[in-house]
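Hi,

Here is the model I promised to pass on. Have a look at it first, and then read my notes underneath.

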Number of protein chains: 2
Amino acid sequence: MSSVNEAKVRQEGLEAMLIHRLREGGLRVTPERLTIFRELSQTRHPLPKPELVERLKSAGINQATVYRVLDLFTALKIVQAVLLPHGVVGYEPVPPFRDHHHHIVCASCGTMADLYECDIDQVIQHDLQPIGFIPISHALEVVGLCRACQSSASH
Amino acid sequence: MSSVNEAKVRQEGLEAMLIHRLREGGLRVTPERLTIFRELSQTRHPLPKPELVERLKSAGINQATVYRVLDLFTALKIVQAVLLPHGVVGYEPVPPFRDHHHHIVCASCGTMADLYECDIDQVIQHDLQPIGFIPISHALEVVGLCRACQSSASH
DNA sequence: TTTTTTGCAAAGATTTTGCACCTTA
DNA sequence: TAAGGTGCAAAATCTTTGCAAAAAA
């Protein structure tokens, strides 16, 4: 089961990176922070705050801690907020804690998938340089119909 | 003052379109719905729900009505949710109630501007056709530093 | 031991809901 | 006048905060 080991090795690398980021900022490494990061990086989709709180209850982590750590991770650019269907905001790790990617969302069933292809940087540069705007990051979200929802008689 | 008149004519056209959309769905045209739409389409930036509620208080429109109408407009694809700085969600009209555009956000001061250039459709088609995903709409958001925030010694 | 972080519990915001009354078509 | 929409007020959720106790460095 090599892929299982690869995943494990990768996860350990990410956590080492997180620990380094915290220490270089004079911040402390706590089991709560590691557990919250693990939950975010091992889940395939962005998690809304209330769901993250719910998932971490079993680990005995308090609500307030989840909110505070999420704010911290966002400020440190370890995670970012993304828009989910129905105007809900979810959180997910960003590069290098996560591969660079975008989202495709089915307008019918709401399923979200990742899109790794991205050639839009040139466009961005072309339009933003004239106004002196320096791009740091970007997010592309495509909403449409997945194959499954096309075949079902929609609604 | 021709531009003033143009704006007025355009606004009237948008409202006529809204009225048509409502009627064709068997829904009613009420002063509350018109007022809420007007507020959204005459404001230059996406508005968070609480701010919209606040702005409509003076018009005597109840909180619950604002929430319900916003849900309705979203379902009818008259407005859409977009992600603002700090994980806040705002609402703005979508095409044809608004020109097709994207957002650029300054990471430092949080100022948001519109970006009308958009050549990413080909990319989308190229990557999404193979998986049978039919794109309906897309959103691009670029975060970076505006000229003003580059010159000030940042923070 | 010093400084940071967490848990707890209460306060503050935001969002949703049921129902009576009012409006639109 | 029939169906849909709004206001009101309470309930349910979600988010923030102050402070004492616990943990990291």
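Below is what I found, starting with the chain as a whole and then turning to its two domains.

First, some housekeeping. This is a predicted model, in which local features need pLDDT of at least 70 and side-chain atom pairs count only at pLDDT 80 or more, while totals for chains, interfaces and linings use all residues. Residues are numbered from 1 along each chain as its sequence is written, chains are lettered from A and ligands numbered from 1 in the order written, and side-chain values use heavy atoms, without hydrogens and water.

Chain A has 6 helices and 5 strands (DSSP runs: H or I of at least four residues, E of at least two, numbered from the N terminus). Their order from the N terminus is α-α-α-α-β-β-β-β-α-β-α. Of its 155 residues, 38% are buried, meaning under 20% relative accessible area with a 1.4 Å probe, protein chains only.

An automatic or database assignment splits chain A into domain 1 (1-92) and domain 2 (99-155). Each domain gives 8 residues to the contact (heavy atoms within 4.5 Å). Together the domains bury about 510 Å², 53% of it on carbon and sulfur atoms; this is accessible area lost on being put together, summed over both, with a 1.4 Å probe. On the domain 1 side, Leu83(A), Pro85(A) and Glu92(A) supply 53% of the area buried against domain 2, more than any other three residues. Strand β1 (residues 79-84) brings the largest share of that side, 3 residues.

Best wishes

Methods. Buried area is the accessible area (1.4 Å probe) that two parts lose on being put together, summed over both. Buried means under 20% relative accessible area, exposed over 50%, partly exposed in between (1.4 Å probe, protein chains only).
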